[in-house]
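The following questions and answers concern one predicted protein model. Please consult the sequence and the structure alongside the text.

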Amino acid sequence: MTALSNSADALHQTAETEIVQQQFFGGLAGRGALCTFAKGATLIKEGDADDAVLYLINCGWVRVLATESDGKQIIIDEYGPGDYVGEMALDGMPRSASVVALEFVEAIAVPRAAALDYLREHPEFALSLMMELIRRARLATANFKSAALKDVYGRMVELLQSLAVKTDGETIIPGRLTKADITRRVGASRDMVAIIMRDLMDGGYLIKTERGLVIARPLPPRW
């Protein structure tokens, strides 16, 4: 497998791990039950100790949120078709974050016991799960370090690069990343985020499409 580094590209899956994850997804799907969630519905509630379910997302996007002691919510990440959420429930501990549907979501709910049985029967997928957990942990660590050490523009660039994937020759941020989302993630004012986004679009660095936000040119190191 490709070695991980501290670069933004290392936060994405390699082609090999992505294929293995798809196989893992397909194998688990037969052990769960199909369920649907309306926009705004909560799939997973932070602190819940009884809901030990892993969700495989068939369609729609979800957002993972954590709540600080003052009640402020922090966006951790967003996931869509082909991803899974709730894997932290496999250790049997209370939920560490909430997951909310950003739109209509169709998912397969796999009970913890069924997921663990599958991993015991197919230990080759345990490595895939571990690599994905490491990737997500690296992303969370990078986000926290970025918030502490970088200026607003630097944090925005790192966020955009960490969310981007290469598809059909394009570097694209899938889904719907709004200015409000960026504001919450980088800890800046909405006006500042709007100004930076406008300049990046005017300069041809970012292009809005129906599929998501395309990074058309390498983002400049300074604003």
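**Surface, cores and strands**

The protein has an accessible surface of about 11900 Å², and 55% of this belongs to carbon and sulfur atoms; areas come from the Shrake-Rupley method with a 1.4 Å probe, and for residues only the protein chains shown count as cover. This is a predicted model, in which local features need pLDDT of at least 70 and side-chain atom pairs count only at pLDDT 80 or more, while totals for chains, interfaces and linings use all residues. Residues are numbered from 1 along each chain as its sequence is written, and side-chain values use heavy atoms, with hydrogens and water left out.

Q: What percentage of the residues of the protein count as buried?
A: Buried means under 20% relative accessible area, exposed means over 50%, and partly exposed lies in between (1.4 Å probe, protein chains only). Of the 223 residues, the share that counts as buried is 43%.

Q: How many helices and strands does the secondary structure comprise?
A: Helices (H or I, at least four residues) and strands (E, at least two) are DSSP runs, numbered from the N terminus. On this basis the protein has six helices and twelve strands.

Q: Which helix gives the most residues to the largest nonpolar core?
A: A nonpolar core is a set of buried Ala, Val, Leu, Ile, Met, Phe, Trp, Tyr and Cys residues joined through side-chain atoms within 4.5 Å. The largest one has 21 residues, and those touching the most other members are Leu-160, Ile-173, Ile-182, Leu-200, Leu-206 and Leu-219. At least two residues each come from helix H4 (152-163), helix H5 (179-186), helix H6 (190-202) and strand S12 (212-215). With six residues, the top contributor to this core is H4.

Q: How many residues are in the other core, which includes Leu-43 and Val-53?
A: This core lies apart from the largest one. Its members include Leu-43, Val-53, Val-85 and Ala-101, and its residue count is 17.

Q: Is Asp-181 buried or exposed?
A: Asp-181 is placed in helix H5. Leaving aside neighbours within four places in sequence, Asp-181 is in contact (heavy atoms within 4.5 Å) with Arg-63, Ile-75, Glu-78 and Arg-176. Because its relative accessible area is 2%, Asp-181 counts as buried.

Q: Which residue of S12 is the bridge partner of Pro-174?
A: Two strands pair if DSSP finds at least two bridges between them. Strand S10 (residues 170-174) pairs in the antiparallel sense with strand S9 (residues 165-167) over three bridges. S10 is also joined to S12 by three bridges, again running antiparallel. In S12, the partner of Pro-174 is Gly-212.

Q: Which strands are the edge strands of the open sheet?
A: The sheet has four strands in the order S1-S8-S3-S6, with antiparallel pairing. Within it, six bridges join strand S3 (residues 53-59) to strand S8 (residues 105-111), and Leu-56 has Ile-108 in S8 as its bridge partner. The edge strands, each pairing on one side only, are S1 (33-37) and S6 (84-85).

Q: Which residue takes a positive phi in the hairpin of S9 and S10?
A: Val-165 has Ile-172 in S10 as its bridge partner. The hairpin has two residues between the strands, and the residue with a positive phi near 50 degrees is Asp-168.
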